[in-house]
Amino acid sequence: MKTPQGFSVSYNNKLLYSKYNPQRSILQQIENLEIKPGTILLCCSPVLEYGLNELKEKLPENCLIICCEFNSELLDFTKTNNPEFSNFIFPEIDELYQLPVILNSQNYAFKNGFIFENCSKYRRVIKLDFSSGVSECPQMYDQLAQACTNGIMTFWSNRITLTKFGRLYSKNFFSNLKHLSETKPIQNYFGKIEKPVVIFGAGESLEKGAETLKNNHQDFYILCADTALQALQKYNIHVDGVFIEEAQSVILQAFRGSLSGNYTVFAGLSSVTTLLHLIPASRISFFTTKYTQGQFLNELTQLQLLPPENNAFGSVGLTLFYYALKFRKDESVPVFAYGLDFSYSTGKTHAKGTYASDNLLYISNRLKPGFNFNAAFLNNAGTITDAFGNTVTSTPVLHKYSVLFNEYFSQVKNAYSGTKSGLVSVLPYKSPEEAFNSTKENHIATDSYSKDFETQLQNYFEKEKNALNEIKNILTGQTPIEESALEETLTSLIKKREYLYLHFADGYEYKYSQSFLNRIRTEIDFFLKVF
């Protein structure tokens, strides 16, 4: 539709731009906009190219324009009638839904050809409404902007974690990987559990579940988080499997007095290595939590040397639930959850009998009772109404885990909360009592890793040691190399071994600089000892 000062578009009997001056609104919005370096701009429903070039000219360094359109008809119209959009990232609708995930990936290739390297340049998100097409689904654009903001925050949160613990994660990862062939493949459990499954986190609702099951626990396949083990054993409940992802040795306190038994320890490859020295390897099954994105992990995956992989949920409770679903034979096998509260009451953060609860009792006296009231009054703690209407205390981190749980497992069938408490809203309440006296049996495979697998693993570590020694010799001058080939040679060797630098403060990408290479040199000896 032609107007006195340009063209407008009519859709569903509604003009998407002004019938007098189609460009005025968006140009004025851009003119008044303050854009800081490191900003991602979501240009929502840019049906015509109005304002895009003006916005591009205004951008400071390290900014990114992403055009967003959820309406398939408007998307087809825009791309067909505006060839200039080929100069901007314009995701397809399926990519738009995945945009927050893409922001946490590396070298993602959009379908229109643009490559998104990583999120290291970006700090914030600004949403701009370019036309009235946004009114077709305004909530979706708002949710997209919030999810992208959360995606960037997650990236930097993960970077802080890797800076602090990345070296430890890598050390544990390779130390455990060396012994993988001695352990029991976790794949043996996939689709093999026919008994009803009960999982326990260490939240307060564990107590209700333990009381309910203590006389009938043999009717269930019971999995728990590491911090819940001691409490369940005090109820004389036999545990079939314990999940652990913690990399620091402090978690061994949760196994104190509980290492004996025939339960299986399901451990992340980057978790604490000491368990391999405390219990037989035949009682350990490893899984892979991808604590970073890197070429070294991709290579191990391609070589089929890694156990099954899962997302880095951040909470062992989510990992526990994820694998409980994979263990059950099919969706007809019910799963009941206790202790995944992601909240707590005043004075009490964990269930009775857990290490955290018992430790308070050990150090208590008349002046210092065995309660943790501080946790309810931390600066970042606050009251919240849980999924069942109870007033509880939670923190931003715990609340984030509950949101992730609800997002990841919203479509799960035949899974329930065993109590009416906690922030998990996608699991309806149901007691496991109707499953008492179950006569079903589990048929867990007894396969081991093959000798060929063991040989491949040894070959991998030998190759890595040779590569690290080659880097070391080049950096120390023991291996002469032409100046013209130096950068290319070092880059090809180091860039695919991110474990050498991912824990650097600036380790989100490889840099060919003297400072960076000096730090790499100090890491090589450390990892040679690990290998």
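This section describes the fold, the strand pairings and the helix packing of a predicted model.

The protein chain has 531 residues, of which 50% count as buried. Its secondary structure comes to 16 helices and 19 strands. Along the principal axes, the C-alpha trace spans about 80 × 70 × 55 Å. Contacts between residues at least 6 apart in sequence were also examined; 67% of these join residues at least 24 apart.

One open sheet has three strands in the order 6-5-9, and its pairing is parallel. Strand 6 (64-68) and strand 9 (124-129) are the edge strands, each pairing on one side only. From one strand to the next, the twist averages 20°. Five bridges link strand 5 (residues 39-44) to strand 6 in the parallel sense. Within this pair, Leu-42 has Ile-66 of strand 6 as its bridge partner. Helix 6 (residues 138-178) lies across strand 5, strand 6 and strand 9. The helix runs at about 165° to strand 9. With the cut-off for roughly antiparallel set at over 145 degrees, helix 6 and strand 9 are therefore roughly antiparallel.

Helix 6 also packs against helix 16 (residues 514-530), at an angle of about 30° and with the axes 9 Å apart. The two helices are therefore roughly parallel. Helix 6 passes helix 16 in a right-handed crossing. On the helix 6 side, the contact is made by Arg-167, Ser-170, Lys-171, Phe-174, Ser-175 and Lys-178. Helix 16 contributes Glu-523, Phe-526, Phe-527 and Val-530.

A second helix pair has another geometry. Helix 14 (residues 451-475) and helix 15 (residues 483-494) pack at about 150°, with their axes 10 Å apart. This angle makes them roughly antiparallel to each other. The crossing of helix 14 past helix 15 is left-handed. Glu-470, Ile-471, Ile-474 and Leu-475 represent helix 14 in the contact. They meet Leu-486, Thr-489, Leu-490, Leu-493 and Ile-494 of helix 15.

Strand 10 (residues 197-200) has parallel partners in strand 11 and strand 16. Four bridges join strand 10 to strand 11 (residues 221-225). Here Ile-199 has Leu-223 as its bridge partner. Four bridges also join strand 10 to strand 16 (residues 335-338). In that pairing, Val-197 is matched with Val-335. Strand 10, helix 7 (residues 206-213) and strand 11 together make a right-handed β-α-β unit. In a regular strand, side chains alternate between the two faces of the sheet. Strand 10 is covered on both faces. Val-197 and Ile-199 are buried on one side, and Val-198 and Phe-200 are buried on the other.

An antiparallel pairing appears further along the chain. Strand 17 (residues 382-385) and strand 18 (residues 391-394) are joined in this sense by four bridges. Gly-382 stands opposite Ser-394 of strand 18. The two strands form a hairpin with five residues between them. In the turn, Gly-389 has a positive phi of about 90°.

Two single residues were examined for burial and contacts. Ile-30 is placed in helix 1 (residues 24-31). Its relative accessible area is 4%, so Ile-30 counts as buried. Beyond its neighbours within four places in sequence, Ile-30 is in contact with Gly-51, Glu-54, Leu-55, Lys-58 and Phe-130. Ile-30 and Asn-473 are 443 residues apart in sequence. In space, they are 54 Å apart, C-alpha to C-alpha.

Asn-406 lies in helix 13 (residues 396-408). The relative accessible area of Asn-406 is 16%. The cut-off for burial is under 20%, so Asn-406 is buried. Leaving aside neighbours within four places in sequence, Asn-406 is in contact with Leu-423, Val-424, Ser-425 and Val-426.

Methods
Residues numbered from 1 in each chain as written. Heavy atoms only, no water. Buried < 20%, exposed > 50% of the residue type's maximum accessible area, 1.4 Å probe, protein only. Pairing = 2+ DSSP bridges. Right-handed = clockwise from strand over helix to strand, strands pointing away. Contact = heavy atoms within 4.5 Å. Axes fitted to C-alpha atoms, helices over the stretch in contact; angles between N-to-C directions. Parallel < 35°, antiparallel > 145°, perpendicular 65-115°, else oblique. Left-handed = near helix turned anticlockwise from the far one by under 90°.
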